[in-house]
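The following exercises concern the fold, the core and the ligand shell of one chain. Each task is followed by a solution in steps.

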Amino acid sequence: MIITPRTRGFICLTAHPTGCAKEVERQINYVNAKEKIDGPKNVLVIGSSTGFGLASRITAAFGSHASTIGVYLEKPPKEGRPASPGWYNTAAFEEKAQQQGLYAKSINGDAFSTEIKSQTVELIKQDLGKIDLVIYSLASPVRQHPETGERFRSVLKPIGQTFKNKTVDFHTGEISQVHIEPAEGDDIENTVTVMGGDDWKRWMSALHKANVLSENVMTVAYSYIGPDLTQPIYRDGTIGKAKEDLEHTASEITTSISDVKGKAYVSVNKALVTQASSAIPVIPLYISLLYKIMKEKNIHEGCIEQMYRMFKERLYVDEIPLDDKGRIRIDDWEMRADVQQEVEQLWEQATTENIYEISDLKGYHTDFFNLFGFEVEEIDYDKEVNEMVAIPGLQ
Ligand code: NAI
Ligand code: NA
């Protein structure tokens, strides 16, 4: 079929198989061109099909020759209806990995469920024996509780006061004011239930109980802090409460896996265009300005550059550098004072009239469509493609 982008709000409903494959290939080529990492051997990535999770899987596999198992929730294709992008990404990744003789298998299902955890444990036992790195990179608006079956929804709201600021519609470039009412009722608790550390802890406990964690195992989950500008809606908002919970969970996990000398870390990553971040008001405008400044200073990174640097310069070094709260920081370039000052200045100036000049909204737009395999150079979108792509290692 011929596949074109169909968008609704901040989501794109279609994905292009060869476009997604090209994007995965670009990430693989990036890692292949870099120095090898004396890194993990057997890796489980939870949330492996897009964003930071996919980049982590690519880094482990191609940077360190690791065997990888991926867990994700993606829609398979149907005749005449393309799959979700993570499906095509995974298909491309596993094909490339297997071509290079790397073990790569995956499980498509709800990572929050007990069944998917058991299925993953069985696959590890059968094929790999033990795991020495677990990456936890889920981003989801909903979670069905594994015990009660209750469905929780996370919300993106400020706490205590209405948030008013500029935001941009990244399709049209229109700047407007957003007003977001503060959290009420169970909003905070629900968001913590979905995006906090409970599920990460359950994963590590299931793996530990099954005796599939090797000695000195590490596990890493991803967090975000960001600038003052987005503080009320992000770090001091409902999602920030969930991230705080996730960060506290790291030390609990470390204690619970101390018999195998395991360690749990949170890595604070840079703001990047992913399906998860495009849904957060204000963030696209911030990212567009940030990209402009970071590209000018030659310190711009995408998911793959971030994850390669995280593995190479943070995780697999003699002594892991941590901040005063025990976190890995790979948002260091984003948070540089000169970068933030310049972003703040531009933020003040930004209007619908000047937005394409003073920001990299064009880059944001391209990155967004690239997530779905669109606007990728070298792809002829007028050509028929087969939407019925299979994932080689899908269990
Ligand atoms: P993403 O949307 O690209 O990836 C989410 C992954 O989770 C996908 O593989 C998806 O299939 C999987 N997933 C979602 N629900 C699932 C479920 N129920 N069962 C199994 N798999 C499921 O998101 P992104 O941005 O890579 O986020 C990953 C982590 O990184 C999140 O914790 C996020 O908060 C964090 N982060 C993101 C930043 C950003 O700017 N995008 C910045 C810093 C941290
Ligand atoms: Na991810």
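A crossover is right-handed if, with the strands pointing away from the viewer, the path from the first strand over the helix to the second runs clockwise. Helices (H or I, at least four residues) and strands (E, at least two) are DSSP runs, numbered from the N terminus. The model is a predicted one, in which local features need pLDDT of at least 70 and side-chain atom pairs count only at pLDDT 80 or more, while totals for chains, interfaces and linings use all residues. Residues are numbered from 1 along each chain as its sequence is written, and chains are lettered from A and ligands numbered from 1 in the order in which they are written.

**Exercise 1. Determine the strand order of the open sheet and identify its edge strands.**

Solution.
Step 1. Two strands pair if DSSP finds at least two bridges between them.
Step 2. Applied to this model, the criterion gives an open sheet of seven strands, with parallel pairing and the order S5-S4-S3-S6-S11-S12-S13.
Step 3. S5 and S13 are the edge strands, since each pairs on one side only.
Step 4. Within the sheet, strand S6 (residues 131-136) runs parallel to S11 and is joined to it by five bridges. Tyr136 has Ala221 of S11 as its bridge partner.

**Exercise 2. Describe the surroundings of strand S4 (residues 67-72) and the connections that lead into and out of it.**

Solution.
Step 1. A residue is buried if 20 or more other C-beta atoms lie within 10 Å of its own, exposed if 12 or fewer, and partly exposed in between, with C-beta atoms placed from the backbone. By this criterion five of the six residues of S4 are buried.
Step 2. On one side, S4 pairs with strand S3 (residues 42-46) in the parallel sense over five bridges; Gly70 in S4 is the bridge partner of Val45. The connection from S3 to S4 passes through helix H2 (residues 51-64), as a right-handed β-α-β crossover.
Step 3. S4 also pairs with strand S5 (residues 104-108), again in the parallel sense and over five bridges, and Thr68 stands opposite Ala104 in S5. Together with helix H3 (residues 85-99), S4 and S5 make a right-handed β-α-β unit.
Step 4. The loop between H2 and S4 contains His65. His65 has a positive phi of about 50 degrees although it is not a glycine, and it counts as partly exposed because it has 17 C-beta neighbours inside 10 Å.

**Exercise 3. Explain why strand S12 (residues 263-268) is largely enclosed, and list its pairings.**

Solution.
Step 1. S12 is largely enclosed by the rest of the structure because five of its six residues are buried.
Step 2. Strand S11 (residues 213-223) pairs with S12 in the parallel sense over six bridges, and Thr219 has Ala264 as its bridge partner in S12. Helix H7 (residues 238-256) completes a right-handed β-α-β unit with S11 and S12.
Step 3. S12 pairs with strand S13 (residues 328-329) in the parallel sense over two bridges. Ile328 in S13 is the bridge partner of Ser267.

**Exercise 4. Characterise the largest nonpolar core and the contacts of Ile46.**

Solution.
Step 1. A nonpolar core is a set of buried Ala, Val, Leu, Ile, Met, Phe, Trp, Tyr and Cys residues joined through C-beta atoms within 7 Å.
Step 2. The largest such core has 113 residues, and those with the most contacts inside it include Ile46, Ile58, Tyr88 and Leu290. Helix H8 (residues 283-296) contributes the largest share of this core, nine residues.
Step 3. Two residues are in contact if their C-beta atoms, placed from the backbone, lie within 7 Å. Leaving aside neighbours within four places in sequence, the contacts of Ile46 include Val71, Ala111, Tyr136 and Trp203.

**Exercise 5. Which residues come nearest to ligand 1, and how is its shell composed?**

Solution.
Step 1. A residue is near a molecule if its C-beta atom, placed from the backbone, lies within 6 Å of it. Of the 29 residues around ligand 1, Gly47, Gly51, Ala111, Tyr222 and Thr274 come nearest.
Step 2. H2, S4 and S11 each supply at least two residues of the shell; H2 gives the most, with three residues.
Step 3. Ala, Val, Leu, Ile, Met, Phe, Trp, Tyr, Cys and Pro count as nonpolar, Asp, Glu, Lys and Arg as charged, and the others, Gly among them, as polar. The shell accordingly divides into 13 nonpolar, 14 polar and two charged residues.
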